[in-house]
Structures are given as C-alpha cells and as structure tokens.
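User: I'd like to learn how to read helices, cores and ring pairs in a model. Could you walk me through one?

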Amino acid sequence: MASMKIYRKYLTTAALIWAACFTFFFFVYMLVLRPQRGSKKQVENKLTEKKQMYESALKATQKETRIQLNEQIERLRNRLGDFVIDFEDSANLTFDISQIAGEEKLASFSVKSRDSSKVSAIPDCNYICENHIDVSFAALFPQFATFLNALERHRPVLFVDKFTVSSGRGDSSPQANVNLVVFVRKRQDS
C-alpha cells in the first residue's frame, strides 16, 4: 500500500509536470511559432509575386515580345490621336470647325474658344485637359444633324457637351448654340 501511494505521488507529479510543460509549449507556440506561420505565408506570397515580375521582365527582354509591345504602344498612340489633340494644334480647331460649317452652308455662323489661352483641368488627370468651344448658327434640322455628325466624325473627336435650339422668327431658320469639348494633351515640362 505504501508503494501504491509512492506510485500515485510519482504519477501525480509526472502528470503535473507534463501539464505544465504542455501549457508552456502551447503558449510558446501561440506567441512565437504561430505568428511566424503568417509571416511565412506573406513571404511566400511576395516570392510568388517577385517570380511573376521576374518572368515578365525576362519575357520583355525577348526580341519578339519587345516588338509586339512596341507595336501595341504605337497602336494605342494612334488610337489616342483620334481623341486627343496636341496643345499647339488646338488653335487650328476653330478653322476646322469653320470649314465644316462652310461645307454644310450654315447661316449666321460664329465660333469661338471660351478662353483660347487656357484649358480646363480634368480632375485626377495628369496628361490631358479640356478645351471648350462655343458655336452658334442658324440651320434647319437636317443641316443641324449633318453638322453635328460631321463634328463628331472629326479627328480628333469634337464632343458635343450640350446644345440649345431656339425657334426661328418668321421665315428664318432656328438658331442653334452648341458647346463643344475637345481633349488636349497637356504640355509636359521638361
């Protein structure tokens, strides 16, 4: 019986030591090893991202890929030219609009830039801005529609921001006022 008490005492002591060690290692795991698991996952994600960047850079150094990218850039620049005009060329727009109006034989035609020296900034845009142009003329609806169509087919595109049409008096044609917007490439300070 005495030996049983000794065994029980040793078993209780061993169980307490095991419980204390288990608790200690559990806290060590939670405080040290588990956060490292999250860090390891982040490092693996960064490594995967860097590998993708490396593969893209490696691919970009290949001659065929460079040629394809340069062709794509050139296509995009040409496409941009359909919608954006250089700042230096923006002064010629009133002449282009006058020519279109002459072709459509519009009466009482006038065109003016709102402020020829300034262009309106577009929020959060670093490379292009807006230029506003006011056009007024007298025309019947078919002439009006044909003129607007010609303006929007112009390169670069002249966007119709808004327009108003007031009825003509007597035999005169209705008077139209059209506000146009064109995108202008900003001057890049060198």
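Analyst: Here is a short tour, one feature at a time. This is a predicted model, in which local features need pLDDT of at least 70, side-chain atom pairs count only at pLDDT 80 or more, and totals for chains, interfaces and linings use all residues. Residues are numbered from 1 along each chain as its sequence is written, and side-chain values use heavy atoms, with hydrogens and water left out.

User: Which residues of helix α3 are buried?

Analyst: The general idea: an α-helix has 3.6 residues a turn, so residues three or four places apart point the same way. Helices are DSSP runs of H or I with at least four residues, strands are runs of E with at least two, and both are numbered from the N terminus. In α3, the buried residues are L93, I97, I100, A101 and E104; buried means under 20% relative accessible area, exposed over 50%, and partly exposed in between, with a 1.4 Å probe and protein chains only. Down the axis of α3, these buried residues fall within an arc of 100 degrees (taken from the directions from the helix axis to the C-beta atoms), so they line one face of the helix. F95 and E103, on the other side of α3, are exposed.

User: What covers the buried residues of α3?

Analyst: The cover includes β1 (84-86), β2 (107-113), β4 (128-138), α4 (141-153) and β6 (175-185), with contact meaning heavy atoms within 4.5 Å.

User: Which elements give two or more residues to the largest nonpolar core?

Analyst: In soluble globular proteins, nonpolar side chains tend to be buried together. A nonpolar core is a set of buried Ala, Val, Leu, Ile, Met, Phe, Trp, Tyr and Cys residues joined through side-chain atoms within 4.5 Å. Here the largest one has 23 residues, and I97, V135, F137, F147, L151, V178 and L180 touch the most other members. The elements giving two or more residues to this core are α3, β4, α4 and β6.

User: And how many aromatic pairs are there?

Analyst: A pair of aromatic rings is described by the distance of the centres and the angle of the planes. Rings of Phe, Tyr and Trp (its six-membered ring) pair if their centres lie within 6.5 Å; planes under 30 degrees apart are stacked, over 60 edge-to-face, and the rest tilted. The count is 9 aromatic pairs. The F24 and F25 rings have centres 5.5 Å apart and planes at 65 degrees, so this pair is edge-to-face. Ring pairs also link F109, F137, F141, F144, F147 and F163 into a cluster.
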